[in-house]
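Load the model and set the display to cartoon, with side chains hidden for now. The stops below are meant to be followed in order.

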Amino acid sequence: MKLEDFVSGEVGTVIQPTEQKYKKKLPVSFGPLTEKIVEQLRVLNKAIFPVRYNDKFYSDVLAAGNFAQLAYYSTDILVGAACCRREEMEGGGARLYLMTIGVLAPYRSCGVGTALAEALVETASKAADVNEVYVHVQSSNTKGQDFYTRLGFSVKETIANFYKDIDPPDCHVMVKTFDRSKTA
């Protein structure tokens, strides 16, 4: 970065770059996705991800109910989201597919993504019929793999040629399983 990236035309006015890294955790609150705020989620996802998600994606996230998490900074600024889909399992029970987890660039590296993932896992662990949460992570994405490993996920399998337009095209299926054999 150059000095010009931080200083505006007015003398002495300092502008923080959008990729600024916060040094402390930001306080965030969580809220569910509702029909009223789906458009806000669409706008957020357009700002975060290089792909556009179709209407079925948003229908699946809405159907997931309280498992989908929206992160707000200062109670009303939407800064991130964890989008998942509930899937029924053969033999009973369900699992959650964590389709996306994303945070706006200025709010990254300050614990928002971790808080979103932890909230989703905590909510799923309390649902008696949810047996696991899983996510696809590109095989070369070691930071992503480390992130999910810290949250208790482990690699269950690797799928060759999962991705169409990125290299490498392989992904790891990482799973967090809940032990339902314990009685309360």
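The tour goes through a predicted model, starting with its cores and ending with its charged pairs.

**Stop 1: the main core**

Select Phe67, Val133, Tyr148 and Phe153 and show their side chains. These residues have the most contacts inside the largest nonpolar core, a set of 29 residues. Now colour β3 (77-88), β4 (94-103), α3 (112-126), β5 (130-138) and α4 (142-150), the elements that each give two or more residues to this core. Of these, α3 gives the most, with 6 residues.

Keep Val133 selected and expand to its surroundings. Beyond residues up to four places away in sequence, Val133 touches Leu96, Leu98, Leu120, Ala124, Phe153, Met174, Val175, Lys176 and Phe178.

A second core, separate from the one just shown, has 21 residues; Leu33, Ile37, Leu41 and Leu78 are among them.

**Stop 2: helix α3**

Select α3 alone. Which of its residues are buried? They are Val112, Gly113, Ala115, Leu116, Ala117, Ala119, Leu120, Val121 and Ala124. Then place a distance label between the C-alpha atoms at the two ends of α3. The label should read 21 Å, which agrees with the span expected for 15 residues at 1.5 Å a residue.

**Stop 3: strands β1, β2 and β3**

Move to β2 (residues 69-73), a mostly covered strand in which 4 of 5 residues are buried. β2 runs antiparallel to β1 (residues 28-31), and 4 bridges join the two. β2 is also antiparallel to β3, this time with 5 bridges.

Pick Tyr73 to see both pairings from one residue. Val28 stands opposite Tyr73, and Tyr73 also stands opposite Ile77 in β3. Next, follow the chain from β2 into β3, where the hairpin has 3 residues between the strands. One residue to check in this hairpin is Ser74, which takes a positive phi near 55°.

**Stop 4: His172**

Select His172, in strand β7 (residues 171-177). Is the residue buried or exposed? His172 has a relative accessible area of 15%, so it counts as buried. Show Thr158 as well: the side chains of His172 and Thr158 are joined by a polar contact of 2.8 Å.

Widen the selection to everything that His172 contacts, leaving aside neighbours within four places in sequence. The set consists of Val135, His136, Val137, Ser139, Gln145, Val155, Glu157 and Thr158.

**Stop 5: Val38 and helix α1**

Go to Val38 in helix α1 (residues 38-48). Val38 is buried, with a relative accessible area of 8%. Add Tyr58, which is 20 residues away along the chain; the C-alpha atoms of Val38 and Tyr58 are separated by 7.4 Å. Apart from neighbours within four places in sequence, Val38 is in contact with Leu33, Tyr58 and Leu62.

Stay in α1 and select Glu39 and Arg42. Their closest N and O atoms are 3.1 Å apart, in a salt bridge. Both residues belong to α1 and are 3 residues apart, about one turn of the helix. Glu39 is exposed, at 51% relative accessibility.

**Stop 6: the charged network**

The structure holds 10 salt bridges. Side chains of opposite charge can pair when their charged atoms come close.

Select Arg85 and Glu87 next. Their salt bridge has its closest N and O atoms 2.7 Å apart. Glu87 is buried, with a relative accessible area of 15%, whereas Arg85 is partly exposed at 25%.

Then select Arg95 and Glu132, whose side chains meet in a salt bridge of 3.4 Å, N to O. Why does this pair tie together separate parts of the sequence? Glu132 lies in strand β5 and Arg95 in strand β4, so the pair links parts that are 37 residues apart in sequence. Glu132 counts as buried at 7% relative accessibility, and Arg95 counts as partly exposed at 26%.

For the last view, show Lys56, Asp60, Arg85, Glu87, Arg95 and Glu132 together. Salt bridges with shared partners join these residues into one network.

How values were computed
Residues are numbered from 1 along each chain as its sequence is written. This is a predicted model: local features need pLDDT of at least 70, side-chain atom pairs count only at pLDDT 80 or more; totals for chains, interfaces and linings use all residues. Side-chain values use heavy atoms; hydrogens and water are left out. A nonpolar core is a set of buried Ala, Val, Leu, Ile, Met, Phe, Trp, Tyr and Cys residues joined through side-chain atoms within 4.5 Å. Buried means under 20% relative accessible area, exposed over 50%, partly exposed in between (1.4 Å probe, protein chains only). Contact means heavy atoms within 4.5 Å. Two strands pair if DSSP finds at least two bridges between them. A polar contact is a pair of N or O atoms within 3.5 Å; within protein, one must be able to donate a hydrogen and the other to accept it, and residues adjacent in sequence count only if both atoms are side-chain atoms. A salt bridge is a side-chain nitrogen of Lys or Arg within 4 Å of a carboxyl oxygen of Asp or Glu. The expected span of a helix is 1.5 Å times one less than its number of residues.
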